[in-house]
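I opened my notebook to work through a protein chain, one small lookup at a time. Here is what I went hunting for and what turned up.

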Amino acid sequence: QAVRIALGLVDGSKAGATSSNTLLSSSSSDNNNMTPDDSVYPPNMASYPYEPLRNTAFAAGRAQLSSTATTAVPHDPRMCLSIRMRLSCRILNRQGVCRAQYNVLNEVVIDRGSSPYLAALECFCDNHHMTTVQADGVIFATPTGSTAYSMAAGGSVVHPAVPCILVTPICPHVLSFRSMIFPDHVVLQCVVPDDARSEASVAFDGKHRQPLHRGDCITIQLSKYPVPTLNRLDHSDDWLHSLKQQFGFNARPRQRPLNGQSANFGTSSSHGSSPSSANQKKNPPDVGNLYDDHSW
């Protein structure tokens, strides 16, 4: 039932009062009910991840679970879901005939394959020319895949609840080509031009590798079939915990606080140097705590 509500197939506000299998329809007499739309799937994807936390009792139970981390939420069997978007990818030949189609959760990678030459690719966004890629390849990733190959290639790390598509170049032969983030409603296209030195290669989630001939095109857009995932606490806590545990995110020894004492760099007087000042010149004082974690 929780999965059906998350996917917009059941009206969550009436799930307890009516049958659990009541489907939303555009012919409903209640104008406030959410109606499914074939062009946007799921219809409540943008707002759902935050709605359960608006309930005070639910949020308090989650906070208690976060503090104890050993017991279940008391008297509240509800679950927090994250809707992980996927990408729908199609390979079209020169005549526009689709010869393969895949749904990917992480990324689709278009690269030069076994060719020794740079991959030459023409990229479009909603039929507008975006850029010409001359690199080892280009990555089209979801927020879920932003911590995989895209991150290794220098792309941004994106929260899984952000509906977007990442475009990250792989070793571009230019200084100005950086990772870009597009809204999830755009249609991206990648074409192998006729004047390319060699053919390209494409892989979907690291599998189903296929060659791309000159004139072939790959269209990439939001898939109608996302992946609902259950969270232990909530989508932010689980995601941040994974970043810290798996990648050591921003891990660094903490800077020592200042001890309030001024640094003594040694002084000289007209009456000569005292033994203490001589020792100070021979052994510089420990002033590392003024700047970083390293001592002299």
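Below are my entries, going from the whole chain down to single residues.

**Entry 1: the overall picture**

First note to self: this is a predicted model. I looked up the secondary structure and found five helices and 13 strands in the protein chain. Next I checked how much is tucked away: of the 296 residues, 35% are buried. The chain exposes about 17600 Å², and I noted that carbon and sulfur atoms supply 52% of that. Then I turned to contacts. Taking those with a separation of 6 or more, 59% come from residues 24 or more positions apart.

**Entry 2: cysteines**

How many disulfides does the structure hold? I found zero. Cys 190 is in no disulfide, and its nearest cysteine sulfur, that of Cys 123, is 4.0 Å away. I jotted down the reasoning: a pair of sulfurs has to be within 2.5 Å to count, so 4.0 Å does not make it.

Are these cysteines buried or exposed? Cys 190 has a relative accessible area of 2%, so I wrote it down as buried. Cys 164 is buried too, because its relative accessible area is 3%. Cys 171 went the other way: at 55% relative accessibility, I have to call it exposed.

**Entry 3: odd backbone angles**

Cys 171 caught my eye again, as its phi is near 50 degrees, a positive value in a residue other than glycine. I placed Cys 171 in strand E7, residues 164–172.

Asp 126 also has a positive phi near 50 degrees, and it isn't glycine either. Where does Asp 126 lie? I found it in the loop between strand E5 (119–125) and strand E6 (128–141). Its relative accessibility is 35%, so Asp 126 counts as partly exposed.

**Entry 4: a hairpin**

I followed strand E2 (residues 87–92) across to strand E3 (residues 98–104). The two run antiparallel, and six bridges join them. To pick out one pairing, I looked up Ser 88: its bridge partner in E3 is Asn 103. Five residues sit between the strands of this hairpin, and Gly 96 has a positive phi near 85 degrees there.

**Entry 5: Ile 220 and who it touches**

I found Ile 220 in strand E12, residues 217–222. With a relative accessible area of 0%, Ile 220 is buried.

Which residues is Ile 220 in contact with, leaving aside neighbours within four places in sequence? The list includes Leu 87, Ser 88 and Cys 89, along with Val 108, Phe 140 and Leu 188. Ser 88 is the residue I had just met in the hairpin, bridged to Asn 103. I then checked Val 108: it is 112 residues from Ile 220 in sequence, but their C-alpha atoms are 8.7 Å apart in space.

**Entry 6: nonpolar cores**

A reminder from class: in soluble globular proteins, nonpolar side chains tend to be buried together. So I looked for cores here. The largest nonpolar core has 31 residues, and Ile 110, Leu 121, Phe 140 and Leu 188 touch the most other members.

I zoomed in on Leu 188. Not counting residues up to four places away in sequence, it touches Phe 124, Cys 125, Phe 140 and Ile 220, among others. Apart from the largest core lies another one, of seven residues, including Val 109, Ile 139, Val 158 and Cys 164. That last name takes me back to Entry 2, where I noted Cys 164 as buried.

How values were computed
Residues numbered from 1 in each chain as written. Predicted model: local features only at pLDDT ≥ 70, side-chain atom pairs only at ≥ 80, totals over all residues. Heavy atoms only, no water. Buried < 20%, exposed > 50% of the residue type's maximum accessible area, 1.4 Å probe, protein only. Helix = DSSP H or I, 4+ residues; strand = E, 2+ residues; numbered from the N terminus. Contact = heavy atoms within 4.5 Å. Areas by Shrake-Rupley, 256 points an atom, 1.4 Å probe, with all protein chains shown as cover. Pairing = 2+ DSSP bridges. Core = buried A, V, L, I, M, F, W, Y, C linked by side-chain atoms within 4.5 Å.
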